[in-house]
Amino acid sequence: MKTMNTLVLFDSMGGNTQKVAERIQQVAQSNDIDSTLIRLEEGLVLDFYEYDLVFAGSPVIEWLPTKKMMDFLKKKLKDYRLSGDIPSTAIPLRPGKFAVCFSTNCGAHIGVDEASPMTEWVASFFGHIGYQVLDKIHVPGEMRNFGQGSDWMDEQVFESLNTQGKYGNIKGRPNEKDLAKLETHIKQILDSLTPTSG
Ligand SMILES: Cc1cc2nc3c(=O)[nH]c(=O)nc-3n(C[C@H](O)[C@H](O)[C@H](O)COP(=O)(O)O)c2cc1C
């Protein structure tokens, strides 16, 4: 039987999504699954079709993935079209190709509904290249200022977003409890794709 090959692709500005990506990678490896962890950087060369199961994640930025992630995925779609890997009309599912989308978000205003557009966006990309999307995973992540400047939001606003939002107090999240829950979730997904005999 062919062994499954997994990719964990992520973008992260402050490290929250990176923590989630790294835990997914650890779970795959401890399940003896060949897995590659890649942080999205400018100029990344990557062929999704080399992987049977792709985990793709990003922080939620204004309800969507980072611009870097969206630009990368749009370019990949264009490249696959131009190379004839996907038709220009209805896209057939590719047997044995699966994707899972994941996000971290602060959800201060409307909780997980702020993250769903992001994972739906990424899921739609994978649908367009013939992957069956198995799941969309959302993990709370503390909001920090990543170079938007001190005039973007003052410390008090950050404090209230992180302590009085829809998810409650999310300081320090994703924390070990979030990652342990994630671990169980990922293991279930992997087990469903690699059933053990007997
Ligand atoms: C510029 C900016 C915009 C953001 N927009 C949203 C948003 O629309 N909804 C949300 O729930 N969180 C939003 N967040 C919070 C981040 O998604 C969250 O803190 C995430 O865990 C950061 O992940 P990272 O550490 O991997 O970069 C925003 C954060 C920044 C810096």
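Where is the place of P174? In this predicted model, P174 belongs to the loop between α4 (155-163) and α5. The peptide bond that joins R173 to P174 is cis. Its omega is about 5°. A second backbone feature occurs at D32, which is not a glycine but has a positive phi of about 60°. D32 is found in the loop between α1 and β2 (34-39). Most peptide bonds are trans, and most residues other than glycine have a negative phi.

R173, one partner in the cis bond, also appears in the lining of the second largest pocket. That pocket holds about 210 Å³ of space. Its lining includes a run through I137, H138, V139 and P140. R173, N175, K177, D178, K181, L182 and H185 line the pocket as well. Two elements, β5 (132-140) and α5 (176-193), each supply at least two of the lining residues. The largest share comes from α5, with 5 residues. By class, the lining has 4 nonpolar, 3 polar and 4 charged residues.

The largest pocket contains about 550 Å³ of space. It is lined by 26 residues. Nearest its centre lie V60, I61, E62, C106 and M143. Both α1 and β4 contribute to this lining, each with at least two residues. The lining divides into 11 nonpolar, 11 polar and 4 charged residues. Rolling a probe the size of a water molecule over the atoms shows where empty space is left.

The ligand sits in the largest pocket. Around the ligand are 23 residues. Of these, S12, T17, V60, T104 and E114 come nearest. V60 is thus named twice: it is among the residues nearest the ligand and among those nearest the pocket centre. The elements α1 (16-30) and β4 (98-105) each supply at least two residues of the shell around the ligand. These two elements also each give at least two residues to the pocket lining. The shell is made up of 9 nonpolar, 10 polar and 4 charged residues.

Polar atoms of the protein approach the ligand at several points. At T17, a polar side-chain atom lies 2.6 Å from an oxygen atom of the ligand. At N16, the atom concerned is a polar backbone atom, and an oxygen atom of the ligand is 2.8 Å away. N16 and T17 fall within the span of α1 (16-30). At C106, a backbone N or O atom lies 3.3 Å from a nitrogen atom of the ligand. The ligand on its own has 650 Å² of accessible area, and the protein covers 95% of it.

Taken together, the ligand and the largest pocket draw on shared parts of the chain. C106 pairs a backbone contact to a ligand nitrogen with a place among the residues nearest the pocket centre. T17 pairs a side-chain contact to a ligand oxygen with a place among the residues nearest the ligand.

How values were computed:
Residues are numbered from 1 along each chain as its sequence is written. This is a predicted model: local features need pLDDT of at least 70, side-chain atom pairs count only at pLDDT 80 or more; totals for chains, interfaces and linings use all residues. Side-chain values use heavy atoms; hydrogens and water are left out. A residue is near a molecule or strand if one of its heavy atoms lies within 4 Å of it. A polar contact is a pair of N or O atoms within 3.5 Å; within protein, one must be able to donate a hydrogen and the other to accept it, and residues adjacent in sequence count only if both atoms are side-chain atoms. Accessible areas come from the Shrake-Rupley method with a 1.4 Å probe; for residues, only the protein chains shown count as cover. On a 1 Å grid over the protein atoms alone, a cavity is a set of points where a 1.4 Å probe fits but cannot get out, and a pocket is an open set with protein on both sides within 12 Å along at least five of seven lines; lining residues have an atom within 4 Å of a point. A molecule sits in a cavity or pocket if more than half of its atoms lie within 2 Å of its grid points. Helices (H or I, at least four residues) and strands (E, at least two) are DSSP runs, numbered from the N terminus. Ala, Val, Leu, Ile, Met, Phe, Trp, Tyr, Cys and Pro count as nonpolar, Asp, Glu, Lys and Arg as charged, and the others, Gly among them, as polar. Grid points are joined across faces, edges and corners, and a volume is the space filled by probe spheres set on the points.
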